[in-house]
There are 2 protein chains.
Amino acid sequence: MISSLLTTKTAVTLTMDSRLTDISCRGLKEKTNMPESTEGNSWSHAETVQLNGSTEDLPETDSFVQQAMAIIMEEVVKKAGDVSGKVCEWRSPEDLKELLDLELREGGEAPAQTLQRCRDVIRYSVKTNHPHFFNQLYVGVDHYAMVGSFVTDATQPSPYTYEMAPVHCLIEDVVLGKMMEMMGWVEGGDGIFNPGGSMSNMYAMNLARFQRWPDIKEQGLSASPRLVLFTSKDCHYSVAKAAAFLGIGTKNVYVVPADQRGKMIAMELEKQIRTAISEGAVPFMVSATAGTTVLGSFDPLEELADICEQHNLWLHVDACWGGGALVSSKHKHLLKGIHRANSVAWNPHKMLMAGQQCSAFLVRDKTGLLQRCHSASASYLFQTDKFYDISYDTGDKSIQCGRKADVFRFWLMWKALGTRELEHRVDRALEMAKYLAEEIKKRDGFRLLMEPEYANVCFWYIPPSLRNIPDCPEFWQKVQAVAPKVKERMMKQGSMMVGYQSHGDKANFFRMIIISPWVSTADMDFVLDEIHRLGADL
Amino acid sequence: MISSLLTTKTAVTLTMDSRLTDISCRGLKEKTNMPESTEGNSWSHAETVQLNGSTEDLPETDSFVQQAMAIIMEEVVKKAGDVSGKVCEWRSPEDLKELLDLELREGGEAPAQTLQRCRDVIRYSVKTNHPHFFNQLYVGVDHYAMVGSFVTDATQPSPYTYEMAPVHCLIEDVVLGKMMEMMGWVEGGDGIFNPGGSMSNMYAMNLARFQRWPDIKEQGLSASPRLVLFTSKDCHYSVAKAAAFLGIGTKNVYVVPADQRGKMIAMELEKQIRTAISEGAVPFMVSATAGTTVLGSFDPLEELADICEQHNLWLHVDACWGGGALVSSKHKHLLKGIHRANSVAWNPHKMLMAGQQCSAFLVRDKTGLLQRCHSASASYLFQTDKFYDISYDTGDKSIQCGRKADVFRFWLMWKALGTRELEHRVDRALEMAKYLAEEIKKRDGFRLLMEPEYANVCFWYIPPSLRNIPDCPEFWQKVQAVAPKVKERMMKQGSMMVGYQSHGDKANFFRMIIISPWVSTADMDFVLDEIHRLGADL
């Protein structure tokens with residue numbers, strides 16, 4: 001059936017051939033030696049420019065896609081829950097380069113070899129959906145979201161205009177609306193999905209600046225006073241990156257001390273604002289964090305909102321990580337006050353497993369600020385003489401032009417699971433974090449950094465050789481070397497992945513992130529057993 | 001076999017249960033009325049927080065994924081070459097909202113319903129891989145690249161560190177290297193993949209600024225002189241967006257006139273530079289375009305490079321669209337001089353069909369400028385006490401944190417096809433554009449705007465009723481209304497998609513973009529016939 005279709009197509013185009021003789025036979029310049037892989041297969045492609053019909057064999061390509069899908073199913077989807085497999089198959093850069101033939105050549109490869117490349121890449125990739133992967137603020141991807149991304153990758157919508165992505169423009173609107181509802185923005189607002197939370201934090205900074213000084217868009221900053229913003233010392237590093245990128249300057253990010261639990265100290269914020277003003281600088285924004293990267297802390301939003309109101313500052317909340325708590329009636333209190341924020345960054349690809357990047361930037365403004373701030377009104381995309389309501393075109397809200405429809409997979413997953421199951425998952429992850437914290441407290445040689453209030457569990461492992469040394473600088477100096485060594489061993493054995501870092505005056509500790517609904521208490525116990533197994537001799 | 005696995009898992013976790021009684025039975029708060037779709041199926045999820053084992057039925061989920069893959073295969077992949085289907089199934093926003101049930105609810109849905117949603121979304125999405133889709137600077141996606149994105153979506157690497165994405169960090173390095181080789185950067189350079197060309201253009205502007213005034217990263221722009229950059233009037237609108245975003249200001253983008261073919265006039269650039277200096281502003285960058293959005297024009301890079309050298313200006317080339325010509329020995333002359341650029345933006349998702357977003361930003365600097373410009377050295381990701389060579393960690397070159405491994409699908413496609421087939425495709429697309437231009441010249445009622453030198457073919461359609469009116473403002477006023485009306489009709493009938501716009505003093509014309517290797521001369525003829533069919537009565 002398929003091959004008969006192909007024959008028909010060829011027949012149709014052959015009838016066109018007669019008038020094409022003048023342009024249909026241009027040879028390509030080079031005829032280099034082909035690498036071994038292209039010899040003797042049907043995939044060494046035609047050498048002439050033919051304009052009649054496709055140059056490729058569609059049925060063969062279809063069969064390739066089908067085989068590749070089977071590999072993904074077998075090697076990724078079905079192995080997701082398999083605890084017995086490795087989390088990673090560690091190779092040094094040098095070894096991995098040797099193992100994989102990465103070079104790009106003149107000739108192509110047989111489909112079988114391309115399929116083998118997919119297998120190899122999967123093999124040496126970190127298994128982010130393995131039950132023992134706890135390394136990042138995201139973990140694998142929900143199956144529904146994964147299917148959603150397959151659909152998006154196959155259809156390639158670009159939601160800058162309704163014309164190019166009608167369904168996706170509408171879906172983005174619905175999802176943003178629902179997220180706003182969860183934040184208690186009763187009057188709604190505006191927003192857009194971005195490739196990552198760092199980008200959303202940049203949007204916030206640009207919007208805060210534009211709202212106060214719209215002329216800067218046109219005039220630039222060179223004639224402006226020194227603008228200053230505030231964030232806590234535990235904020236994400238993207239705040240500094242944004243200040244550098246937007247021409248504000250990293251030194252104009254005033255870093256407010258955080259308390260022992262990593263929460264911005266409101267009184268210190270007040271102090272810093274007064275300092276900035278006394279220096280002749282102009283404060284314009286506070287970037288609060290709901291769910292810090294390392295400790296999983298939540299800034300006191302109500303207190304910060306009070307201060308922002310008093311000083312007429314834009315309140316942005318980086319809830320990229322902590323936003324997940326908003327779907328839980330039990331935990332949403334962590335973000336109490338978020339309804340007063342001017343803007344929020346919230347990444348469903350993190351706690352809600354919508355697959356990276358899936359990052360919403362939300363603004364409470366309803367006057368079109370987002371669009372006015374970023375618009376360039378390109379005539380080839382945003383024609384004003386279109387035949388439909390162009391308020392559905394979203395492209396002028398974005399700093400991108402083409403944009404992936406990241407929202408779709410989140411919507412599909414949400415539809416499939418329902419809010420209640422999203423809530424259930426978040427509750428379960430946070431309960432699991434508590435379970436792990438309790439276990440840490442029970443075990444010799446483990447020390448909890450602080451009680452978790454979210455899904456970050458931070459702790460030290462003290463090997464037996466150090467357990468009798470009293471807490472002193474020398475002791476912590478020795479502890480500092482433990483986590484990197486244990487990490488190296490776990491990577492090389494591939495038994496699990498847990499991150500580590502030092503933080504302020506705290507020596508290197510493990511930061512364990514719990515997200516997946518597919519992990520059990522047995523997996524928590526495994527982590528502690530395994531760290532001990534790997535580090536007991538240190 | 002799968003269900004026996006599941007039983008084992010349950011058995012293992014049940015043994016853990018005894019000590020969990022205190023935390024394993026927390027009821028969720030809400031028990032709202034479920035929508036009809038969740039009743040009577042196994043997908044209404046558990047109501048308690050259970051920590052033992054997964055809350056979901058993995059085998060059922062696997063079967064869902066398999067069915068979804070079959071739908072993608074059937075509805076997207078196999079229909080890609082089917083000319084008889086519609087390019088789009090147009091519905092107004094209001095109608096589409098009625099047709100699709102987009103609302104997000106408390107309860108979930110049965111898998112069958114979720115699969116139906118995938119079908120519906122595919123149905124109402126634009127068929128970007130349809131042979132009659134000529135609307136954007138991208139078209140569908142190559143099959144190999146599509147498979148590559150499926151693999152990436154399933155495995156979720158984030159190439160900020162070698163640890164998290166070993167294969168992808170190496171692949172990014174290889175692909176960037178090969179792209180540099182094609183630009184004639186014999187000594188190599190540096191680079192990174194970004195979500196879109198607009199972003200790459202922003203990188204260029206930030207880098208040009210940083211290279212000249214590294215202190216701005218820390219100090220910001222408020223004490224700096226007025227910095228000015230230059231670009232042609234035919235440049236992409238992202239240059240203005242970037243200037244606004246980076247605090248440079250849109251009025252500090254000096255717009256250089258272009259000639260009739262849309263190429264920046266070097267002498268005019270010289271003039272503008274002198275003007276800026278005489279105003280006390282400080283020029284720092286020229287953003288040239290290789291392949292403009294509307295006309296597909298190439299700025300004279302050699303001439304611009306001379307001027308940049310003379311005035312010590314950073315030369316950036318936005319080759320997002322035109323970069324594809326670099327793979328063709330026949331057409332790479334269009335970018336002659338690109339080896340002298342300081343930075344280049346090149347989107348393989350456009351002409352090379354690598355699937356959006358796949359956008360490379362390349363810098364000729366080899367001293368680590370990119371990293372110094374964007375680094376924030378986050379302690380939780382970029383530990384300096386790692387056990388491997390951290391020069392493979394790419395995260396500090398990026399303004400993002402998490403980042404999709406967009407490069408993989410490009411690499412996989414390139415491996416499968418070989419450079420020669422990429423070259424063949426580009427040659428074929430440009431040959432096809434010439435064929436169309438010739439046809440336009442032959443036909444009554446069609447007027448070519450200019451001879452194409454790339455894959456943009458711009459032309460007017462003049463309906464019979466206007467053909468006897470002489471060229472005068474009234475005539476062009478009437479022509480202005482033709483393209484939008486034809487476009488409306490083609491969208492509503494779904495027969496094809498071709499963009500239109502006005503440009504400078506030129507009334508609305510069609511801008512046809514030819515990329516796909518799956519279109520034939522018959523498809524070109526169809527476009528002209530169809531425009532006449534749709535517009536003959538106007």
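Visitor: What share of the contacts in chain A with a separation of 6 or more comes from residues 24 or more positions apart?
Guide: Happy to help, and please keep in mind that this is a predicted model. In chain A, take the contacts whose partners have a separation of 6 or more, then pick out the pairs 24 or more positions apart. Their share is 72%.

Visitor: How much of chain A is made up of buried residues?
Guide: A residue counts as buried when its relative accessible area is under 20%. Chain A has 538 residues, and the buried part of them is 66%.

Visitor: Which residues have the most contacts inside the largest nonpolar core?
Guide: Here is a helpful background idea: in soluble globular proteins, nonpolar side chains tend to be buried together. The largest nonpolar core in this model has 316 residues. Those with the most contacts inside it are A:Ile514 and B:Ile514.

Visitor: Which residues beyond its sequence neighbours is A:Ile514 in contact with?
Guide: Let's set aside the neighbours within four places in sequence. The partners of A:Ile514 then include A:Phe134, A:Met351, A:Leu436, A:Val457 and A:Met524.

Visitor: Why is B:Cys401 without a bond to the closest cysteine sulfur?
Guide: A disulfide is a covalent bond between the sulfur atoms of two cysteines. To count as one here, the sulfur atoms must be within 2.5 Å. The closest cysteine sulfur to that of B:Cys401 belongs to A:Cys320, and it is too far for a bond because the distance is 9.3 Å.

Visitor: How many disulfides does a search of the whole structure find?
Guide: The search covers all chains. B:Cys358, for example, is in no disulfide, as its nearest cysteine sulfur, in B:Cys320, is 11 Å away. Over all chains, the number of disulfides found is 0.

Notes. Residues are numbered from 1 along each chain as its sequence is written. Chains are lettered from A and ligands numbered from 1 in the order in which they are written. This is a predicted model: local features need pLDDT of at least 70, side-chain atom pairs count only at pLDDT 80 or more; totals for chains, interfaces and linings use all residues. Side-chain values use heavy atoms; hydrogens and water are left out. Buried means under 20% relative accessible area, exposed over 50%, partly exposed in between (1.4 Å probe, protein chains only). Contact means heavy atoms within 4.5 Å. A nonpolar core is a set of buried Ala, Val, Leu, Ile, Met, Phe, Trp, Tyr and Cys residues joined through side-chain atoms within 4.5 Å.
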